[in-house]
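Visitor: Could you walk me through this one? I'd like to know what lies behind the words people use for it.

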Amino acid sequence: MKILAFAASLRKGSLNRKLIGVVTDILRELGGEVDLAEFHEFDMPLFDGDRQAAEGLPPGALALERRMRAAPAMVIATPEYNYSIAGPLKNAIDWVSRARPMPWRGRSIYLVSTSPGAIGGIRGLWQTRIPLEGCGALVFPDMFALPHGDRAFSDDGKLTDGAAADRLRQQVLGFYRLAEAVAPLCCGEARSDADQKKQQEIVRALEDESRIQPK
Ligand SMILES: Cc1cc2nc3c(=O)[nH]c(=O)nc-3n(C[C@H](O)[C@H](O)[C@H](O)COP(=O)(O)O)c2cc1C
């Protein structure tokens, strides 16, 4: 299964980029086809409804949308800013949410975070779930927040705390298996006519009947 992964930080020395490296190593061991992106590839202006009406989505948002459509699953490593979601990531979620069909819908997403602080960004992860779930993404119930990220990695990029490494591996395995199981129904290539019919029913429930995500 293809998985799009990126750290939602533009900083050269990003700790979250180190963490996404650990997660993608595990995913590859599990047989995942990882598309590891740099957040810089998705540079975009602040959301502006007038600009969207005049020009549509900016190139950075289109690039993110394109990469998302090719992968039924995503992993995002994100910093916590001021106890909440990181602004640049929220801006990207908002721009992409204007594309149709809704690119976030049905996509399996695993959220991880690290920070030099003692609780590793868990408050930001809870806030990050909200817009993603509002857009119909299937955010994995467990999230991984790595405390003291400034001293949690060895020189070769591994986690130095064995218990944390085991917990992460367990979560990534659960995420990968679940994402693989739901992808054919929720946003992957339908493997059969029955799967395709179910996909259409999901779209009808979210767009035509409930109007949660209008066309
Ligand atoms: C604007 C801003 C707000 C921050 N707020 C928090 C916070 O609420 N909690 C926290 O643990 N760290 C906070 N930090 C520190 C970040 O966790 C730290 O800079 C981290 O290294 C950022 O992730 P990165 O290394 O992937 O860029 C904040 C940093 C910035 C720049």
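Below, the visitor asks for reasons and the guide gives them.

Guide: One thing up front: this is a predicted model.

Visitor: Fine. Let's start with Ala77: what makes Ala77 count as buried?

Guide: The cut-off for buried is 20 or more other C-beta atoms within 10 Å. Ala77 has 29 C-beta neighbours inside 10 Å, so Ala77 counts as buried. You'll find Ala77 in strand E3.

Visitor: Which residues does Ala77 touch, leaving out those up to four places away in sequence?

Guide: Ala77 touches Ala7, Asn16, Leu19, Ile20, Val23, Val112 and Ser113. Take Leu19: Leu19 and Ala77 are 58 residues apart along the chain, yet their C-alpha atoms are separated by 6.9 Å.

Visitor: Now the opposite case. Why is Asn82 called exposed?

Guide: Exposed means 12 or fewer other C-beta atoms within 10 Å. Asn82 has 9, so Asn82 is exposed. Asn82 sits in the loop between strand E4 (80–81) and strand E5 (84–85). Its phi is positive, about 50°, although Asn82 is not a glycine.

Visitor: And Tyr83, buried or exposed?

Guide: Tyr83 has 10 C-beta neighbours inside 10 Å, and therefore counts as exposed. Tyr83 is in the loop between E4 and E5, and its phi is near 70°, a positive value in a residue other than glycine.

Visitor: What makes strand E6 largely enclosed by the rest of the structure?

Guide: Seven of the seven residues of E6 are buried, so E6 is largely enclosed. Look at the two faces: Ser108, Tyr110, Val112 and Thr114 are buried on one side, and Ile109, Leu111 and Ser113 are buried on the other.

Visitor: Which strands pair with E6, and how do you know that they do?

Guide: Pairing takes at least two bridges found by DSSP. E3 and E6 are joined by five bridges and run parallel; Met74 has Ile109 in E6 as its bridge partner. Strand E7 (residues 138–139) is joined to E6 by two bridges, again parallel, and here the partner of Ser108 is Leu138. With strand E8 (residues 144–146), E6 pairs in the parallel sense over three bridges, where Thr114 is matched with Leu146.

Visitor: How do you know that strand E1 is mostly covered?

Guide: By counting: five of the six residues of E1 (residues 2–7) are buried. As for neighbours, six bridges join E1 to strand E2 (residues 33–38), running parallel, with Ile3 partnered by Val34. Five bridges join E1 to E3 (residues 73–77), also parallel, and Phe6 has Ile76 as its partner there.

Visitor: Which elements make the right-handed β-α-β unit?

Guide: E1, helix H1 (residues 15–29) and E2 make that unit. The call is right-handed because, with the strands pointing away from the viewer, the path from the first strand over the helix to the second runs clockwise.

Visitor: On to helices. Why are H3 and H4 called roughly perpendicular?

Guide: Two packed helices are described by the angle between their axes and the distance between the axes. H3 (residues 59–69) and H4 (residues 87–96) pack at about 75°, with axes 9 Å apart. Roughly perpendicular covers 65 to 115 degrees, so H3 and H4 are roughly perpendicular to each other. In the contact, Ala61, Leu64 and Glu65 of H3 meet Ala92, Trp95 and Val96 of H4. By class, that is five nonpolar, no polar and one charged residues.

Visitor: And what makes H6 and H7 roughly perpendicular?

Guide: H6 (residues 162–186) and H7 (residues 193–209) pack at an angle of about 75°, with their axes 7 Å apart. Within the window of 65 to 115 degrees, that angle is why H6 and H7 are described as roughly perpendicular. Pro184, Leu185 and Cys186 of H6 make the contact with Asp195, Lys198, Gln199 and Ile202 of H7. Those residues divide into four nonpolar, one polar and two charged.

Visitor: One last thing: where is Pro101 found?

Guide: Pro101 is in the loop between H4 and strand E6 (108–114). The peptide bond from Arg100 to Pro101 is cis, with omega near -5°.

Conventions
Residues are numbered from 1 along each chain as its sequence is written. This is a predicted model: local features need pLDDT of at least 70, side-chain atom pairs count only at pLDDT 80 or more; totals for chains, interfaces and linings use all residues. Axes are lines fitted to C-alpha atoms, for helices over the stretch in contact, and angles run from 0 to 180 degrees between N-to-C directions. Helices (H or I, at least four residues) and strands (E, at least two) are DSSP runs, numbered from the N terminus. Angles under 35 degrees count as roughly parallel, over 145 as roughly antiparallel, 65 to 115 as roughly perpendicular and the rest as oblique. Two residues are in contact if their C-beta atoms, placed from the backbone, lie within 7 Å. Ala, Val, Leu, Ile, Met, Phe, Trp, Tyr, Cys and Pro count as nonpolar, Asp, Glu, Lys and Arg as charged, and the others, Gly among them, as polar.
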